[in-house]
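Thanks, everyone, for making the time this morning. I would like to walk you through one model, beginning with its charged side chains and then moving to its rings, its surface and its overall make-up.

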Amino acid sequence: MRYIRYAILAAIAVGLVSVSLANHGVVELKLLPEALAELVGMNFSISLPLFLVGLGGVAVGLAIGYLGEYLREHKHRREARVQRGEARKLAREVKKLKTQKNHGKDEVLALLDDAT
């Protein structure tokens, strides 16, 4: 299974390198459209290779998607945390009750009673 994962990662890496080499032309990214830039009087722009623009867009999309999923699942994680706390509390209570029940008994019988 590990080799399949490595093969898939290698294929993705070869694909990314291939796309990067094929799209190395420089493009200019502008913050505002020309008409709005004339109205404002300034326009921030940057020149980047095309593959960086494409891969950067994919990376930003993935980050936004992961963030949205993280926020969407917040209620489930909170509920799981509450349930874990209740389970720990009940486990402590059971241990305390078993200790009270076995108080004064033979230690071997108390251990056997705890095992069940």
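When the whole of this predicted model is searched for salt bridges, 3 of them turn up. As general background, side chains of opposite charge can pair when their charged atoms come close.

Let me take Lys30 to begin with, which forms a salt bridge with Glu34, and here the closest N and O atoms are 2.5 Å apart. Are these two partners buried or exposed? Lys30 is partly exposed, with a relative accessible area of 44%, and Glu34 likewise counts as partly exposed, at 44% relative accessibility.

While we are looking at Lys30, please also find Ile46, which belongs to strand β2, residues 45–49. Lys30 and Ile46 are 16 residues apart along the chain, and their C-alpha atoms are separated by 6.7 Å. Ile46 counts as partly exposed because its relative accessibility is 38%, which falls between the 20% limit for buried and the 50% limit for exposed.

The other salt bridges bring us to Arg72. Which residues does Arg72 pair with? One partner is Glu69, with the closest N and O atoms 2.5 Å apart, and another is Glu73, where the closest N and O atoms are 3.8 Å apart. That second value still counts because the cut-off for a salt bridge is within 4 Å. As for how Arg72 and Glu69 are placed, they are 3 residues apart in helix α3, residues 50–72, so they are separated by about one helical turn. Glu73 is partly exposed, with a relative accessible area of 32%, and Glu69 is also partly exposed, at 33%. Because these salt bridges share partners, Glu69, Arg72 and Glu73 are joined into one network.

Turning to the rings, a search of the whole structure gives 0 aromatic pairs. There are, however, arginines placed over tyrosine rings: Arg77 lies over the face of Tyr70, at 4.0 Å from the ring centre, and Arg2 lies over the face of Tyr3, at 5.6 Å from the ring centre.

Tyr3 comes up again on the surface, where it is one of the residues making a nonpolar patch of about 1,000 Å². Its companions in that patch are Met1, Ile4, Tyr6, Ile8, Leu9, Ile12, Leu16 and Leu55. Where does the largest share of the patch come from? It comes from helix α1, residues 2–22, which supplies 7 residues, and Ile8, for instance, has its place in that helix.

Stepping back to the whole chain, its secondary structure comes to 5 helices and 2 strands, and when read along the sequence these follow the pattern α-β-α-β-α-α-α. Of the 116 residues in the chain, buried residues make up 3%.

I would like to end on confidence, with some care. The mean pLDDT of the chain is 88, and 89% of its residues reach 70 or more. Among the elements, helix α3 has the highest mean pLDDT, at 93, whereas helix α5, residues 107–115, has the lowest, at 66. As a general caution, where pLDDT is low, the predicted coordinates should not be read in detail. With that, I am happy to go back to any of these sites on the screen.

Terms used: Residues are numbered from 1 along each chain as its sequence is written. This is a predicted model: local features need pLDDT of at least 70, side-chain atom pairs count only at pLDDT 80 or more; totals for chains, interfaces and linings use all residues. Side-chain values use heavy atoms; hydrogens and water are left out. A salt bridge is a side-chain nitrogen of Lys or Arg within 4 Å of a carboxyl oxygen of Asp or Glu. Buried means under 20% relative accessible area, exposed over 50%, partly exposed in between (1.4 Å probe, protein chains only). Helices (H or I, at least four residues) and strands (E, at least two) are DSSP runs, numbered from the N terminus. Rings of Phe, Tyr and Trp (its six-membered ring) pair if their centres lie within 6.5 Å; planes under 30 degrees apart count as stacked, over 60 as edge-to-face and the rest as tilted. A charge sits over a ring if NZ of Lys or CZ of Arg is within 6 Å of the ring centre and within 35 degrees of the ring normal. Patches are made of residues with over 30% relative accessible area and no salt bridge: like charges are joined within 9 Å, nonpolar side chains (Val, Leu, Ile, Met, Phe, Trp, Tyr) within 5 Å. Accessible areas come from the Shrake-Rupley method with a 1.4 Å probe; for residues, only the protein chains shown count as cover. pLDDT is the predictor's confidence in each residue, from 0 to 100.
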